[in-house]
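Subject: Structure for you to look over

Dear colleague,

I am passing on the structure we spoke about, together with some notes on what turned up in it. Please open it alongside this message and read the notes with the chain in view.

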Amino acid sequence: MTSSDAGSDPVPADPHRLELLADCGSCFGLCCVALPFAKSHDFAADKNAGTPCRNLQDDFRCGIHTRLRDEGYPGCTVFDCFGAGQKISQVTFEGISWRERPGSARTMTEVFPVMRQLHELLWYLTDVLELRRAEPVHREARGARADIERLTRAGADELLAADVPAIRGEVNELLLRASELERAVVPGRKKNHRGADLMGARLRKADLRGANLRGALLVAADLTGADLRSADLIGADLRDTRLTGADLTDALFLTQAQLNAAQGDASTKIPEGLTRPGHWQAAAPR
């Protein structure tokens, strides 16, 4: 995630959560090197995986960080490494950059997506442990989080050998159970839009409280004024989703990257601990 999209909302104080917040100042610009992108609406130029972005400076900072959207790189503003970049830079490679040790560049590039997935799972497991009604799965969630945290502190070879799909599968079972426990108390029949194609859908003021929107395609959907409290939004694609006046107060598994990709304003209610994106416009006068 880039701070150019950040507002002034408070950040979480949980030490587990803090380690999962991107700290670009402690990273070797790994997302700007490891990840590929193609010239499109999201990126102004092509870049191959393992090739430093042309905007990456010698100090590993982005030369257009505060102007990414204006310069044609909105895709950068919605990416979140969940703290994987600084973990690899400062722990896995002990603070020695790929510029200081050129032979490490390829390995760092290969480890980055692995670490990023592990940190994303840690984020969701921390979410589970903050859900009061999901207490029946808290013990398993703590164990899974501890195991993954130990793996993230292992060497590069062990990380590259990790069976990430298997780990994701095990964690996903916990997330599903936690979601069902949390949403069970929402009265009435909950809508099931899991994996649904809702691109451009008109859902103004829709009652989606407790809905299952896991993996739903909501690109450019109109959710103005919608009630999304306790809705499961894990993996939902919220690019350009209109959330003006929507209530996401306790939406489940919502991430900062999803908010950054959406369109909202000061009237959008977001969960505690997430930051209102800087590009969201102020609420229109009533």
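The notes below go from the overall fold to the nonpolar cores, then to one buried residue and the cysteines.

Please keep in mind that this is a predicted model. The protein chain has nine helices and zero strands, and its radius of gyration is 19 Å, close to the 19 Å that the globule rule gives for 286 residues, so the chain is as compact as a globular protein of that length. Taken along the principal axes, the box that the C-alpha atoms fill is roughly 60 × 45 × 35 Å. Of the 286 residues, 49% count as buried, and the accessible surface comes to about 14,100 Å², with 49% of it belonging to carbon and sulfur atoms.

The largest nonpolar core has 74 residues, and the members that touch the most others within it are Leu213, Leu218 and Leu228. Several helices give two or more residues to this core, including α4 (84-92), α6 (138-152) and α8 (164-183), while the largest share, 13 residues, comes from α5. Apart from this core lies another one, of seven residues, among them Phe37, Phe43, Ala45 and Leu68. Leaving out residues up to four places away in sequence, Leu218 touches a set of residues that includes Leu198, Leu203, Leu223 and Leu238, but also Asp237, Arg239 and Thr241.

A residue you may want to look at is Glu182, which sits in helix α8 and is buried, with a relative accessible area of 9%. Beyond its neighbours within four places in sequence, Glu182 is in contact with Leu131, Arg132, Arg133, Ala134 and Leu252, and its side chain makes a polar contact with the side chain of Arg133 at 3.3 Å. Glu182 and Ala134 are 48 residues apart along the chain, yet their C-alpha atoms are separated by 6.0 Å.

As for the cysteines, the structure holds zero disulfides. Why is the sulfur of Cys32 not bonded to the closest cysteine sulfur, in Cys31? The two sulfurs are 3.9 Å from each other, which is too far for a bond, since a disulfide is counted only for sulfur atoms within 2.5 Å. The sulfur of Cys62 is likewise too far for a bond, at 6.0 Å from the closest cysteine sulfur, in Cys32. Both residues are partly exposed, Cys32 with a relative accessible area of 21% and Cys62 with one of 24%.

With best wishes

Conventions:
Residues numbered from 1 in each chain as written. Predicted model: local features only at pLDDT ≥ 70, side-chain atom pairs only at ≥ 80, totals over all residues. Heavy atoms only, no water. Core = buried A, V, L, I, M, F, W, Y, C linked by side-chain atoms within 4.5 Å. Buried < 20%, exposed > 50% of the residue type's maximum accessible area, 1.4 Å probe, protein only. Helix = DSSP H or I, 4+ residues; strand = E, 2+ residues; numbered from the N terminus. Contact = heavy atoms within 4.5 Å. Polar contact = N/O pair within 3.5 Å; in protein donor to acceptor, adjacent residues only side chain to side chain. Rg over C-alpha atoms; globule rule 2.2 N^0.38 Å. Areas by Shrake-Rupley, 256 points an atom, 1.4 Å probe, with all protein chains shown as cover.
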